[in-house]
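Here is a short briefing to keep beside you as you turn the structure around. It goes through one helix, then a metal site, then the empty spaces.

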Amino acid sequence: MSKSSAYAAFSATSPLAPHVIDRRDPGPTDVAIAIEHCGVCHSDLHTVRSEWGAATYPCVPGHEIVGRVTAVGGTVQRFKVGDLVAVGCMVDSCQRCPSCLEGLEQLCEVKTIWTYGAPDRHLGGSTYGGYSAAIVVDEAFVLRVPASLDPAGTAPLLCAGITTWSPLRRAHVAAGSRVGIVGLGGLGHMGVKLAHALGAEVTLFTTSAAKADDAKRLGADEVVLSSDAAQMKHAANHLDFIIDTVSAAHDLGPYLNCLRRNGVMTLVGLPEHDNPGFKAGLLTSKRRSLTGSSIGGIAETQEMLDFCGEKGIVADIESIAINQVNTAYERMLRGDVKYRFVIDMATI
Ligand code: NAP
Ligand code: ZN
């Protein structure tokens, strides 16, 4: 076992503060990683503030991890010391259930072990995430980072990237598809970039008029200010597919109304409070569907990273020191981030 510097929340109301955690010695299938960058996801904030139910404290968040391999277990073939690698939202699953066998480890029918806040079967207690200097992960949950990509900008691909990539792929988005993205935050800006790169015509729905120019630069063809009824009316019955990334409770009805016949809206945002209800006729009148999606499997995450490597896609980030993370949370809540904070772990 070794000690690792980390930042942890000790209660739902206390700011994150320095902490020291244990990391296991690498077992035969493990990869030990010195973390260089870790993205700040809105899920980190929901979790440490117990917005999704009581969290386990101390809580070390962080699931957008990029770092260098410092040691590998005896049977590890795919990684060697010095490789640039990545870890996303999960570090273990049963690997035997139908979902795992289909490459859907995030939907493991026994238990997906999330990168933080899940039972740690090696050391007991809770798993600790990427707001830390080092992590040890089974090689089955370690990803390769394409050499062409900026490591800091790559970190958000591990959650924001895969969470938008997976539903876009499942919807067979390609040239000619009309895609809507709701919310221009960490997930939303990756959704815009990836849908654009897949050839779709992209409409971005935002509550922030000031983000319109950025949205176009990121790949949106149209920007709709969702608070403007006339703009929403103009966008009605137009889109094949919408991804809703909004982090706070909101009315889904106006967005459903923008789907054309047989259109599908997928929720990925996970607000603390329930979204209000909507009229069933919004679905029946055009045979529209409302679905949900959770990150993506490991093979699919590697596919997304390789696609981003080919296309030169990374997140637009603001690099921060780890002692700025509490301020970053407040700024994220105000929508004041372009478009993902990434912690430079050299500052720990
Ligand atoms: P974020 O960077 O804070 O972005 C959220 C965006 O939602 C904001 O930038 C804002 O965009 C919009 N928004 C915020 N409050 C709103 C409101 N009251 N009404 C309408 N729009 C509002 O957050 P994120 O990291 O992208 O995460 C987004 C959500 O996805 C979070 O709930 C997170 O937990 C969840 N998530 C889910 C998965 C999954 O697997 N399903 C994975 C990762 C994250 P505009 O300023 O453009 O309106
Ligand atoms: Zn996340």
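How many of the 12 residues of helix H5 are buried? The count is 10 of 12, so H5 is mostly covered, with buried taken as under 20% relative accessible area. Please keep in mind that this is a predicted model.

**Helix H5**
- H5 takes in residues 186-197, and because each residue should add 1.5 Å, its 12 residues are expected to span 16 Å; the C-alpha atoms at its ends lie 17 Å apart, in agreement with that.
- The buried residues of H5 are Gly186, Leu187, Gly188, His189, Met190, Gly191, Val192, Lys193, Leu194 and Ala195.
- Helices are part of what covers these buried residues, including H4 (160-170), H6 (212-218) and H10 (298-311).
- Strands contribute to the cover too, among them S10 (178-182), S11 (201-206) and S17 (340-344).
- After H5 comes glycine 199, which has a positive phi, near 100°.

**The zinc site**
- Three protein atoms serve as donors to the zinc ion (ligand 2): SG of Cys41, NE2 of His63 and SG of Cys159, at 2.0 to 2.2 Å from the ion.
- Along the chain, the donors of this zinc ion follow the spacing C-x21-H-x95-C.
- Cysteine 41 sits in the loop between strand S3 (30-39) and helix H1 (42-48), and histidine 63 in the loop between H1 and strand S4 (65-72), so this pair ties together parts that are 22 residues apart in sequence.
- Both cysteine 41 and histidine 63 are buried.

**The enclosed cavity**
- There is one cavity of 30 Å³ or more, and the largest cavity holds about 60 Å³ of space.
- Residues lining the largest cavity include Gly88, Cys89, Met90, Phe141, Leu143 and Leu158.
- Further along the chain, Ile162, Ile295, Gly296, Ile298 and Thr301 are also part of that lining.
- By class, the lining of the largest cavity has eight nonpolar residues, three polar and no charged.

**The second largest pocket**
- About 240 Å³ of space lies in the second largest pocket, which is lined by 20 residues; Arg24, Val91, Asp120, Thr127 and Val136 are the closest to its centre.
- Strands S2 (17-23), S6 (90-92) and S8 (134-138) each give at least two residues to the lining of this pocket.
- Which strand supplies the largest share of the lining? That is S8, with four residues.
- The lining of the second largest pocket is made up of eight nonpolar, four polar and eight charged residues.

Notes
Residues are numbered from 1 along each chain as its sequence is written. Chains are lettered from A and ligands numbered from 1 in the order in which they are written. This is a predicted model: local features need pLDDT of at least 70, side-chain atom pairs count only at pLDDT 80 or more; totals for chains, interfaces and linings use all residues. Side-chain values use heavy atoms; hydrogens and water are left out. The expected span of a helix is 1.5 Å times one less than its number of residues. Buried means under 20% relative accessible area, exposed over 50%, partly exposed in between (1.4 Å probe, protein chains only). Contact means heavy atoms within 4.5 Å. Donors are N, O and S atoms within 2.8 Å of the metal (3.2 Å for Na, K and Ca); water is not among the atoms, so sites may look incomplete. On a 1 Å grid over the protein atoms alone, a cavity is a set of points where a 1.4 Å probe fits but cannot get out, and a pocket is an open set with protein on both sides within 12 Å along at least five of seven lines; lining residues have an atom within 4 Å of a point. Grid points are joined across faces, edges and corners, and a volume is the space filled by probe spheres set on the points. Ala, Val, Leu, Ile, Met, Phe, Trp, Tyr, Cys and Pro count as nonpolar, Asp, Glu, Lys and Arg as charged, and the others, Gly among them, as polar.
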